Amino acid sequence: MELSGSIAAEPRPSTSLLMVGGINKRFGGVRALRDVNLEVRAGEVHALLGENGAGKSTLIKILSGVHAADGGTIEIAGKPATFDSPARSREAGIAVVYQDLSLVESLSVADNLLLGREPRARFGFVRKRELMARAEAFLGELGIPLDTKAAVGSLPFAYRQMTEIAKALMGEVRLLILDEPTSSLTSDEVRILFDAIGKATRRGVGVIYVTHRLNEVFEISQRVTVLRDGANAGTFVTAETDMKRLVNAIIGTDRLAGAASRAAPAAARALDPSPVLSLSDVSNDRLSAVDLTVMKGEIHGLAGLIGSGRTEILETIFGLRPIERGTFEIEGRPWLPNSPADAIDQGVALVPEDRHVQGLVLDHSIERNITLPRIPHFSRWGFMQQRAAIRRADTAVARLSVKAQGASSLVRTLSGGNQQKVVFGKWNEPRPRVLLLDEPTVGVDVGAREEIYGVIRNAARDGSGVLVVSSDLVELIELCDRISVIVDGRVARTLKRGEIVDAEELHHLLQIYQASGQGVLQEQPA
Amino acid sequence: MTELTAPNVAAAPTRSDRRRKLLQNLLRGERPYMLYIAFVVLLVVFSLSSPWFLSVDNFLNIGRQTTLVSIIAVGMTFVIIARQIDLSVASTLALSGMAAALAMSQVSNSWIVGAAAGLGTGALVGLLNGILTTQLSIPSFLVTLGSLSMARGLAMMVTNTKPVIITNETYFAIFGEGTFLGIPVPIAWTLVAMIVGILLLHYNVFGRRIYAVGGNPTAALYSGINTKWVTTAAFVLTGALAGLAALVLSARSHAARPDVVQGMELDVIAAVILGGCSLFGGRGYILGTLFGSLIIGTLNNGLVLLGVSSPMQLVIKGAIIVAAVAFTKR
């Protein structure tokens, strides 16, 4: 087939900087990587693409020595290498620039560049002038315009990233790994970053560039490797491929076809025409004039890039963000969400994006978590009705088939999928009028994902209006009756089920609408 | 994609499981029974080494001596579970005592006026602590470090550091010297504070919210809990209890002095931490706090009876507190 046959021409071994062959990695019962190959040449920018959980993060963690591979070989410049710690990987000349940078914000650029390698005088005193001079000389050599005296915390994000890259280049770096470096940059800042990358490759450094923004792939990379479900889905010479082929490789033709066929029967479902929630002209610091209507029993998707304002729409409805302008109606009555408590009173429920931080008290029991939003419902005269609370939690555990010893199990001991079911359990009863879901299946395995889809469909069937944000476009197409495309805090377009043919098309649409923020197929934290 | 096998498939606990669980509970666990054992060990050691230790009178003595710490520690338990700290409690006690005594000598010599002034002043200091912490997002360590100094300074300023004599006999009887059902009133008030604390923390809606706010403030907010209000309420409760302790102390000494109980906040915090509260929030219980405070009181008392010099007492007390926390921490 075209994809597997499109492996680039055999590289000359002399130019090969990194050679990864047949890497395997298991986490418990899950095969995160299966016989993955990757080759990066000196002076090359090699893009690495893939969906959530495709294995990009795992591969990077193996290269940076965080995880050990279960099998396979890694060669650096023709010599076999094994990384059992981040320090060993560093010694071999591999540097990773993470999204959350590893800089000390209160220190200056120069201090950061030479952190741990400061020129020293006797008794451990730092030769400040020499430090400054060395940092300036190095930046001058690279041609990176940075003020060495400025505190890193005071710099714009792109310049911090440049500092990070310069810091990596200061050591003996041969391979630079950039993990979604443009996710929070403006287009001017992206320019600056690309300049810095160019300077690195001209010195013979190889770059692995992880991204979701396909247009960047065409702009900066020479070759592309796509991972899907932990395996290679093709390596392409950038100049010889196009967006359509890359999207095909990323999503996989099987899954595209599957979603389309599953989506088809539900297309006939007629919507109850009464709106349960409507926003008109809603604006605040992140939203500008949002108009949105959710019908009773509708599953309404919000598609958009990270930073487009998808999450902020949910947070505004849930009373977490102050509103500057605009009106809300819930079941036809005007209402202004002031606080989460207020939203909950109106029957609005939120399953937030980060269940560990926003959704759960990990060290508390399932029962305590499930009763949290409605504590007063389980009390009389201010005192907890312990038995009612436990009964309620038991019901939720059974209905959502949470795998746990009982409602008194600590949430921390559960798997990701079961934890997410507990978050859903918080809003199970009484039925919410509006159910807001932010990335409901991130970090959840395939089986639990299907169960969660079932829970979402049941909620809609019971009459809740569901508003769901997801980076997984296949998921949106499979679930949603309508999808609104969010760009720059606005609803750019709303598509009905018939209008959206497949994820590929939606993906294209988003890339076209892209203004800022990162790509669609967001990598989940491992 | 990192979800692994489902843990916790229900299985009947075997006997060895249960024994291991008991051992775990003894050593650390949700409720560190080690605490109770430590208390019993202390009692045995002191009983064997001092002929005066093991007597009803001496136990009442310990009870009376730990009253102030125990009462305030109930409030501190709420504050620490909510991930906060209150360093101002000893100063609040001094200021509340002055307010109670002055209200009775200047406004009206009635015990009700005195009690209202004392409790109200304590609650007010707590309210300010809570509002500054939650509304201005200043860490409570800093807020209460400031109010520690300010409350003490105010207490000294109102009478230019002179004590205020109290003459109200009813006030003495209710808060200091009387008995209630045969129990000396200071101990009775401690029990009242404990019982209210247990009901509030372990059976009331408020307690649920305190645990949630301390366990994960963001998740609590996203569950519709007014985290600022809940946190502020914990400070108000602690301040009011410092006020109650002030009533007990001033009724016992027939006067309020502005320089009393300096440094007592450390005993209170030590008692709460000894009692199994996590300084990281979300964990702790009132009965543990009671035992924590009893251990500190028993140590103070026993070491005196053994004739240990007071500098040495400080060293031993400190070492035992650190050792106990090391044993009971999770």
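# Exercises on strand pairing and chain contact

Strand S11 (residues 275-283) and strand S12 (residues 290-295) of chain A are paired antiparallel, with five bridges between them. This is a predicted model, in which local features need pLDDT of at least 70 and side-chain atom pairs count only at pLDDT 80 or more, while totals for chains, interfaces and linings use all residues. Residues are numbered from 1 along each chain as its sequence is written, chains are lettered from A and ligands numbered from 1 in the order in which they are written, and side-chain values use heavy atoms, with hydrogens and water left out.

**Exercise 1.** Determine what S11(A) and S12(A) form, and which residue stands opposite Ser278(A).

*Solution.* Begin with the terms: strands (E, at least two residues) and helices (H or I, at least four residues) are DSSP runs, numbered from the N terminus. Two strands pair if DSSP finds at least two bridges between them. S11(A) and S12(A) form a hairpin, with six residues between them. In the turn, Ala289(A) has a positive phi of about 50°. Ser278(A) faces Thr293(A) in S12(A). Next, S11(A) is joined by five bridges to strand S14 (residues 325-330) of chain A, again in the antiparallel sense. There, Leu277(A) stands opposite Ile330(A).

**Exercise 2.** Identify the edge strands of the sheet S6-S7-S8-S3-S9-S10 (chain A) and the helices that lie on this sheet.

*Solution.* The sheet is open, has six strands and shows mixed pairing. Its edges are strand S6 (94-97) and strand S10 (231-237) of chain A, each of which pairs on one side only. Neighbouring strands are turned by 20° against each other on average, direction ignored. S6(A) pairs with strand S7 (residues 175-179) of chain A in the parallel sense over four bridges, and Val97(A) stands opposite Leu178(A). Helix H2 (residues 56-63) of chain A lies across strands S3, S6, S7, S8 and S9 of chain A, at about 135° to S3(A). Helix H6 (residues 157-170) of chain A touches S6 and S7 of chain A, and its direction makes about 170° with that of S6(A). Such angles run from 0 to 180 degrees between N-to-C directions, with axes fitted to C-alpha atoms, for helices over the stretch in contact (heavy atoms within 4.5 Å).

**Exercise 3.** Explain why one side of S16(A) and of S22(A) is left without a neighbour in the sheet.

*Solution.* The order of this open sheet of six strands is S16-S19-S20-S13-S21-S22 (chain A). Strand S16 (348-351) and strand S22 (490-496) of chain A stand at the edges with a single partner strand each, so one side of each lacks a neighbour in the sheet. S16(A) pairs with strand S19 (residues 434-438) of chain A in the parallel sense over four bridges. Val348(A) has Val434(A) as its bridge partner in S19(A).

**Exercise 4.** Describe the contact between chain A and chain B, including its salt bridge.

*Solution.* First, the contact takes 50 residues from chain A and 27 residues from chain B. Second, about 3,300 Å² is buried between the chains, 57% of it on carbon and sulfur atoms; buried area is the accessible area (1.4 Å probe) that two parts lose on being put together, summed over both. Third, there is one salt bridge between the chains, a term for a side-chain nitrogen of Lys or Arg within 4 Å of a carboxyl oxygen of Asp or Glu. Arg208(B) and Glu367(A) form this salt bridge (2.9 Å, N to O).
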